[in-house]
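Good morning, and thank you for joining this group meeting. I would like to introduce a structure that will be new to most of you, so please take a moment to look at it before I begin.

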Amino acid sequence: MAAFVKSVNAKIRANPMLNYVCSTHFWGPVSNFGIPIAAVMDTQKSPELISGKMTGALVVYSATFMRYALAVQPKNYLLFLCHFVNEGAQLTQGYRYLQYHKMGGKEETLKQQAESGVKSAVGKVESEVGKAVEKAKDVVGK
């Protein structure tokens, strides 16, 4: 059995593509891609949920490991890409955080919610008045 495993491993390692796919140079970044995927998906959520401290830490983390991915031998471009995507997503989240909490976005959101609430209330009142007018017409018409 050991000879069989050894021969299969030798065949895998002889093929450069299979050798790469079976290495930590490939599987490390692939498993790490969950972070940037989650970050990109989070850009669609409310900026109210963004943690400024965590976003800042992830910006530093991604920048550090982008540099690390190019410092190792051989260069790990897949790891660089993973952290490059995460860096972009985290910078986007950082901007959204600052815009919402520091540049008036929160107040604007509250203002829009209040306006939509007033419009909704006005619509309900108008429909009730319309029903009352119809009832009055029916009573007067009889």
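Let me start with the overall layout. Between the centres of domain 1 and domain 2, taken over C-alpha atoms, there are 51 Å. By the domain assignment, domain 1 covers residues 1-103 and domain 2 covers residues 106-141.

I should state early that this is a predicted model. The mean pLDDT of the chain is 84, and 91% of the residues reach at least 70. Where in the chain is confidence lowest, and where is it highest? The lowest value belongs to helix H2, residues 16-21, with a mean of 71, while the highest belongs to helix H5, residues 52-71, at 95. As a general caution, predicted coordinates should not be read in detail where pLDDT is low.

I turn now to the helix packing, with helix H6 as our reference. Helix H6 spans residues 77-101, and I shall take three partners in turn.

The first partner I shall discuss is helix H3, residues 24-32, whose axis comes within 8 Å of that of H6 and crosses it at roughly 10°. Angles under 35 degrees count as roughly parallel, and H3 and H6 are therefore described as roughly parallel to each other. Their crossing is left-handed.

Next is helix H4, residues 34-42. Its axis and that of H6 come within 9 Å, crossing at roughly 30°. H4 and H6 are therefore also roughly parallel to each other, and the crossing of H4 and H6 is left-handed.

Then there is H5. The axes of H5 and H6 come within 8 Å, and they cross at roughly 155°. Because an angle over 145 degrees counts as roughly antiparallel, H5 is roughly antiparallel to H6. The crossing of H5 and H6 is left-handed.

What joins Gln73 and Pro74? The link is a cis peptide bond, with omega at about -5°. Pro74 sits in the loop between H5 and helix H6. For context, most peptide bonds are trans.

Let us look at individual residues, beginning with Asn32 in helix H3. Is Asn32 buried or exposed? Asn32 has a relative accessible area of 16%, so this residue is buried, given that the cut-off for buried is under 20%. In sequence, Asn32 and Cys82 are 50 residues apart, yet in space their C-alpha atoms are 7.2 Å apart.

A second pair involves Gly34, which lies in helix H4. Gly34 has a relative accessible area of 41% and is therefore partly exposed. Gly34 and Asn86 are separated by 52 residues in sequence and by 9.7 Å in space, from C-alpha to C-alpha.

Finally, I come to charged contacts. How many salt bridges does the structure hold? There is one. It links the side chains of Asp42 and Lys45, with 3.4 Å from N to O. As for their surroundings, Asp42 has 30% relative accessibility and so counts as partly exposed. Lys45 is likewise partly exposed, at 47% relative accessible area.

To close, I would ask you to keep two points in view. The axes of H5 and H6 cross at roughly 155°, and the loop between H5 and helix H6 contains Pro74. Thank you for your attention.

Note on methods: Residues are numbered from 1 along each chain as its sequence is written. This is a predicted model: local features need pLDDT of at least 70, side-chain atom pairs count only at pLDDT 80 or more; totals for chains, interfaces and linings use all residues. Side-chain values use heavy atoms; hydrogens and water are left out. Domain bounds come from an automatic or database domain assignment. pLDDT is the predictor's confidence in each residue, from 0 to 100. Helices (H or I, at least four residues) and strands (E, at least two) are DSSP runs, numbered from the N terminus. A salt bridge is a side-chain nitrogen of Lys or Arg within 4 Å of a carboxyl oxygen of Asp or Glu. Buried means under 20% relative accessible area, exposed over 50%, partly exposed in between (1.4 Å probe, protein chains only). Axes are lines fitted to C-alpha atoms, for helices over the stretch in contact, and angles run from 0 to 180 degrees between N-to-C directions. Angles under 35 degrees count as roughly parallel, over 145 as roughly antiparallel, 65 to 115 as roughly perpendicular and the rest as oblique. A crossing is left-handed if the near helix is turned anticlockwise from the far one by less than a right angle, and right-handed if clockwise.
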